[in-house]
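Student: I should like to go through this structure with attention to how each descriptive term is justified. Could we begin with the packing of helices and then turn to aromatic pairs and individual residues?

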Amino acid sequence: MFSRVLLFLATNVLIIATISIVTTLLGLNTYLTSHGINYQSLAIFCALWGTAGAFISLLMSKFIAKKSMGVKIIDPNATKTEEERNILDIVHGLARKAGLKILPEVGIYQSPELNAFATGPTKNNSLVAVSSGLLQKMNRDEIEGVLGHEISHVTNGDMVTMTLLQGTINAFALFLSRIFAYALSAGGATRNDDQASAVGPGPMFFMLTMVFDVLFTLLGSILVAAFSRYREYRADRGGANLSGRERMISALQALQRNMQPEDTRAPSLSTLKISHKSVGFRALFSSHPPLELRIARLQEAK
């Protein structure tokens, strides 16, 4: 499990590091002048480059999910089995109840894990996928609870919200790392040092930028994870409203009884699934709250 968390964090760190290297090599650091940092140019630079990767991932989210998990899309006009018809009816029924104008694509992926996820660039261009393990081990009421949770993610626009948050965090990480790196590297330069030119303070600035990129990205990931846990509580409440509170509670209890195995084929999708477990200090980077807390909140709700 820890390897999945590390891989998710490492992916985001590598994106930021790649942006930093490419922009430096291409001479796009126009925010650095002989007089110091042009903060307006730096802010624009960070906003553009910090959000680019996040939005590209969002636009490709359905394609990546289908390919990485081997999702088989159910054709509404050519359902082959009763299982496919039932899942399609449940998802589309909940989607209509939630007020979605365009029904999501529905798919099944072959995996022993009990899980499901929703993804897509907008609420009108979404995908809801369930594992074969979930279909085999959960009853209809529990499946409705799970799918109500996923439809709530779609109607809440969580995919877009998480992208905007991640892009903002990336932008701030880029912005702060360059300010700190410039302050430390320029502070050690002499007035006659030609490093304090339009190309920046030199190698020390570049190395410090990389270090601070990693540091601030890791710190930002804690904030992203905290918001992700909040949206899981919110989706639980939404799932309870759509499918019924008892169904939602039963679904979470079924997940609690069957936490293993977990499918590790696509670690980046773990934040989208209904269930994902982390313990100890790793919980700071966890996208999901503990199932026992999620169950307790629904049981206490009136």
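**Helix packing and burial**

Tutor: Let us start where α9 passes α10 in a left-handed crossing. The model is a predicted one.

Student: Why are α9 and α10 called roughly antiparallel?

Tutor: The axes of helix α9 (residues 245-257) and helix α10 (residues 291-300) cross at roughly 165° and come within 10 Å. Angles over 145 degrees count as roughly antiparallel, and α9 and α10 are therefore described in that way.

Student: Which residues make the contact of α9 and α10?

Tutor: On the α9 side they are R245, M248, I249, L252, Q253, L255 and Q256, and on the α10 side L291, E292, R294, I295, L298 and Q299. By class, the residues of this contact of α9 with α10 comprise 7 nonpolar, 3 polar and 3 charged.

Student: What makes α8 and α10 oblique to each other?

Tutor: Their axes are 10 Å apart, and the two helices pack at an angle of about 45°. Roughly parallel requires an angle under 35 degrees, and roughly perpendicular runs from 65 to 115. The angle of about 45° fits neither class, and α8 and α10 are therefore oblique. The crossing in which α8 passes α10 is right-handed.

Student: Which residues of α8 and α10 meet?

Tutor: E232, Y233, D236, R237 and A240 of α8 meet L293, R294, R297 and L298 of α10. The contact of α8 with α10 holds 4 nonpolar and 5 charged residues, with no polar ones.

Student: Why are α4 and α6 called oblique to each other?

Tutor: Helix α4 (residues 82-98) and helix α6 (residues 140-155) have axes that cross at roughly 45° and come within 9 Å. Since 35 degrees is the limit for roughly parallel and 65 the start of roughly perpendicular, α4 and α6 are therefore oblique. Their crossing is right-handed. From α4 the contact draws on N86, I87, I90, V91, L94, A95 and A98, and from α6 on R140, I143, E144, L147, G148, I151 and T155. These residues of the contact of α4 with α6 divide into 9 nonpolar, 3 polar and 2 charged.

Student: How do you know that F180 and F216 form an edge-to-face pair?

Tutor: The search of the whole structure finds 6 aromatic pairs. For F180 and F216 the values are 5.4 Å centre to centre and 65° between the planes. Ring centres within 6.5 Å make a pair, and planes over 60 degrees apart make it edge-to-face; F180 and F216 meet both conditions. F180 lies in helix α7 (residues 158-187) and F216 in helix α8 (residues 203-243), so the pair ties together parts that are 36 residues apart in sequence. F180, F212 and F216 form one aromatic cluster.

Student: Why is F180 called partly exposed, and why is F216 called buried?

Tutor: The class of partly exposed lies between 20% and 50% relative accessible area, and F180 belongs there because its value is 41%. F216 has 16%, and under 20% counts as buried.

Student: What makes the pair of Y109 and F117 tilted?

Tutor: Their planes are 40° apart, with 5.7 Å from centre to centre. Under 30 degrees would be stacked and over 60 edge-to-face, which leaves tilted for Y109 and F117. Both Y109 and F117 are buried.

Student: How do you know that A116 is buried?

Tutor: A116 has a relative accessible area of 0%, and the cut-off for buried is under 20%. A116 lies in strand β5 (residues 116-122). Beyond its neighbours within four places in sequence, the contacts of A116 include Y109, V146, E150 and I274. A116 and I274 are 158 residues apart in sequence, yet 5.8 Å apart in space, C-alpha to C-alpha.

Student: Why does E83 count as partly exposed?

Tutor: E83, in helix α4, has 40% relative accessibility, and partly exposed spans 20% to 50%. Not counting residues up to four places away in sequence, E83 touches I108 and L135. The C-alpha atoms of E83 and L135 are 8.2 Å apart in space, with their positions 52 residues apart in sequence as the separation.

Technical notes
Residues numbered from 1 in each chain as written. Predicted model: local features only at pLDDT ≥ 70, side-chain atom pairs only at ≥ 80, totals over all residues. Heavy atoms only, no water. Axes fitted to C-alpha atoms, helices over the stretch in contact; angles between N-to-C directions. Helix = DSSP H or I, 4+ residues; strand = E, 2+ residues; numbered from the N terminus. Left-handed = near helix turned anticlockwise from the far one by under 90°. Contact = heavy atoms within 4.5 Å. Nonpolar A, V, L, I, M, F, W, Y, C, P; charged D, E, K, R; others polar. Buried < 20%, exposed > 50% of the residue type's maximum accessible area, 1.4 Å probe, protein only.
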